[in-house]
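Trainee: Hey, I've got a new structure open and no idea where to start. Can you walk me through it?
Mentor: Sure, let's pull it up.

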Amino acid sequence: MKNVLLAAVAVVALVGCQQPAESSDEAAAANDVTAVAPEATPTAMVTANGTTPGTFEVTAKDGTKSQTVLREDGTYSDMDASGAEVAKGTWTVTDGKTCFDPDGDEGATCYAETAVGADGSFTATPDEGDPVTVKKVG
C-alpha cells in the first residue's frame, strides 16, 4: 500500500510539472527539419561539357600549344607556350557554351564543347574561328 501511495504522489508531482501542450501545428513545426532553411551550398563551377576547373592544354589548328587555367571562383588565365600570361578575365557557362570574357573591352568569346573523349581531350569550337583541342592536365 505504501508503494502505491508513493507512485500516486510521484505521478501527481510529474503532472503538475508539465507545461501546457503545444498545439499540433507548433509541434509539427518543431519536429519538421525542413521548416528551417538549410545553408546554401554553392554549386561547383563546371564547363559546358561538365569538366571541372583546373589547368588545360590547348592545341590550336596549326599545332601551337598554350595553357588555360580555370579557377573555381570564375576567373581564368591564358598562358602562351613559354608560360607568359597573355590574357585573364572571367569565365561562365551561357546558353550551353563556355564563355571567356577577358579583362578590358574585347567582349566574351563562347565555345561549344564536345564530350570528353577516352584520352581526356575534347574539342572547343568558338562562335567565330577554328576549333581547338583541349585536355585537362592539372
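Mentor: One term before we start: helices and strands here are DSSP runs, numbered from the N terminus, with at least four residues for a helix and at least two for a strand. Also keep in mind that this is a predicted model.

Trainee: OK. How many helices and strands are there in the protein?
Mentor: You'll find 2 helices and 8 strands. Going along the sequence, the order is α-α-β-β-β-β-β-β-β-β.

Trainee: And where is confidence lowest, and where is it highest?
Mentor: Helix α1, residues 2-17, is at the bottom with a mean pLDDT of 36, while β7 is at the top with 98. Over the protein, pLDDT averages 80, and 69% of the residues score at least 70.

Trainee: What about contacts for residues 1-18?
Mentor: That stretch stays under 50 in pLDDT, and the model gives it 0 contacts beyond four places in sequence. Residues 32-37 are also below 50, with 1 contact beyond near neighbours in sequence.

Trainee: Moving inside, which residues make up the largest nonpolar core?
Mentor: It has 10 residues in all: F56, V58, L70, Y76, W91, F100, F122, A124, V132 and V134. The elements giving two or more residues to it are β1, β7 (121-126) and β8 (132-136).

Trainee: How much of the protein is made up of buried residues?
Mentor: Buried residues account for 20% of the 138 residues. As for the outside, the accessible surface comes to about 9,700 Å², and 56% of that belongs to carbon and sulfur atoms.

Trainee: I see some rings in there. How many aromatic pairs does the structure hold?
Mentor: There are 2. In one of them, the ring centres of Y76 and F100 are 5.1 Å apart and the planes sit at 80°, so the pair is edge-to-face. This pair links distant parts of the chain, with Y76 in strand β3 (residues 75-79) and F100 in strand β5 (residues 97-102), 24 residues apart.

Trainee: Is Y76 buried or exposed?
Mentor: Y76 is buried, at a relative accessible area of 3%. F100 is buried too, at 16%.

Trainee: Which residue does F100 form the other pair with?
Mentor: With Y111, again edge-to-face: 5.8 Å centre to centre and 80° between the planes. Y111 belongs to strand β6 (residues 109-113), 11 residues from F100 in strand β5.

Trainee: Why does Y111 count as partly exposed?
Mentor: Its relative accessible area is 21%, and buried means under 20% while exposed means over 50%, so Y111 falls in between. Put the pairs together and you get a cluster of Y76, F100 and Y111.

Trainee: New topic: T68. Where does T68 lie?
Mentor: In strand β2, residues 65-70. T68 counts as buried, at 10% relative accessibility. Its side chain makes a polar contact with the side chain of D78, at 2.6 Å.

Trainee: What else is T68 in contact with?
Mentor: Leaving aside neighbours within four places in sequence, its contacts include F56, V58, Y76 and F100. You've met those names in the core.

Trainee: And K136, which strand is K136 found in?
Mentor: That's strand β8. K136 counts as partly exposed, at 32% relative accessibility.

Trainee: What does the side chain of K136 make a polar contact with?
Mentor: With the side chain of T52, at 2.5 Å. The K136 side chain also reaches the backbone oxygen of P53 at 3.0 Å.

Trainee: How far apart are the C-alpha atoms of K136 and F56?
Mentor: They're separated by 4.2 Å, although the two residues are 80 apart along the chain. Beyond four places in sequence, K136 touches residues including F56, T51 and G120.

Trainee: You just mentioned T51. Where is T51 found?
Mentor: In the loop between α2 (24-31) and β1 (54-59). T51 is buried, with a relative accessible area of 11%. Its side chain makes a polar contact with the side chain of N49, at 2.6 Å. Among the residues T51 touches farther than four places away in sequence are V46, V116 and F122.

Trainee: Last one: among contacts between residues at least 6 apart, how many join residues at least 24 apart?
Mentor: That share is 31%.

Terms used. Residues numbered from 1 in each chain as written. Heavy atoms only, no water. Phe/Tyr/Trp six-rings, centres within 6.5 Å; stacked < 30°, edge-to-face > 60°. Buried < 20%, exposed > 50% of the residue type's maximum accessible area, 1.4 Å probe, protein only. Polar contact = N/O pair within 3.5 Å; in protein donor to acceptor, adjacent residues only side chain to side chain. Contact = heavy atoms within 4.5 Å. Core = buried A, V, L, I, M, F, W, Y, C linked by side-chain atoms within 4.5 Å. Areas by Shrake-Rupley, 256 points an atom, 1.4 Å probe, with all protein chains shown as cover. pLDDT = per-residue confidence, 0-100.
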